[in-house]
Amino acid sequence: MDYDVLITTGNRASFLLLSIPSLLTQSRPPKRIIISDSSDNPEETRLAAQQATAGSPVELFMIRMPRNKCVQANEGLKHVRSPVVFIPDDDSIFFPGAAEAIMRIYELDT
């Protein structure tokens with residue numbers, strides 16, 4: 001079973017350089033990372049996300065939204081393709097093995 005990740009952010013590109021690599025180094029990385037961005041400078045966010053995902057097979061999908069976390073999340077959810085979605089904060093760091101442990105629980109549910 002696959003999972004996608006949806007991150008809402010705004011003016012915090014540097015945080016993505018820490019949070020995204022913690023997702024990509026999981027023993028079970030996401031299929032897709034969706035970033036719903038409300039930054040004043042969306043180019044900075046785009047470049048940080050591209051840098052963080054460089055060389056990874058994970059698909060990066062970015063959308064530009066007005067500053068409103070709920071609106072950003074709701075719009076981002078429209079772009080989820082996997083049966084499971086994680087919605088961490090933009091400054092969340094996943095410990096090694098966290099995604100595997102979470103997905104193991106989902107896969108127990110028949």
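**Close-up 1. Surroundings of Ser-38 in the loop between β2 and α2.** Ser-38 counts as buried because its relative accessibility is 6% (buried means under 20% relative accessible area, exposed over 50%, partly exposed in between; 1.4 Å probe, protein chains only). The model is predicted: local features need pLDDT of at least 70 and side-chain atom pairs count only at pLDDT 80 or more, while totals for chains, interfaces and linings use all residues. Residues are numbered from 1 along each chain as its sequence is written, and side-chain values use heavy atoms, with hydrogens and water left out. Helices (H or I, at least four residues) and strands (E, at least two) are DSSP runs, numbered from the N terminus. The side chains of Ser-38 and Gln-72 make a polar contact at 3.5 Å (a pair of N or O atoms within 3.5 Å; within protein, one must be able to donate a hydrogen and the other to accept it, and residues adjacent in sequence count only if both atoms are side-chain atoms). Leaving aside neighbours within four places in sequence, the contacts of Ser-38 (heavy atoms within 4.5 Å) include Thr-9, Gly-10, Arg-64 and Gln-72.

**Close-up 2. Helix α1 and Leu-24.** The end C-alpha atoms of α1 (residues 13–24) are 17 Å apart, which agrees with the 16 Å expected for 12 residues at 1.5 Å a residue (1.5 Å times one less than the number of residues). Its buried residues are Ala-13, Leu-16, Ser-19, Ile-20, Ser-22, Leu-23 and Leu-24; their cover includes β1 (3–9), β2 (32–37) and α2 (42–53). Leu-24 is buried, at 18% relative accessibility. Beyond its neighbours within four places in sequence, Leu-24 contacts Pro-29, Ile-33, Ala-52, Thr-53, Ser-56 and Val-58. The C-alpha atoms of Leu-24 and Thr-53 are separated by 7.6 Å, with their positions 29 residues apart along the chain.

**Close-up 3. Salt-bridge network of Arg-12, Asp-90 and Asp-91.** Arg-12 forms a salt bridge with Asp-90 (2.8 Å, N to O) (a side-chain nitrogen of Lys or Arg within 4 Å of a carboxyl oxygen of Asp or Glu). This pair links the loop between β4 (84–86) and α4, which holds Asp-90, to the loop between β1 and α1, which holds Arg-12, 78 residues apart. Arg-12 also forms a salt bridge with Asp-91, with the closest N and O atoms 3.1 Å apart. Asp-90 is buried at 6%, whereas Arg-12 is partly exposed at 28% and Asp-91 is partly exposed at 39%.

**Close-up 4. Salt bridge between Arg-28 and Glu-100.** The side chains meet at 3.5 Å, N to O. Arg-28 lies in the loop between α1 and β2 and Glu-100 in helix α4, 72 residues apart. Arg-28 is buried (16%); Glu-100 is partly exposed (24%).
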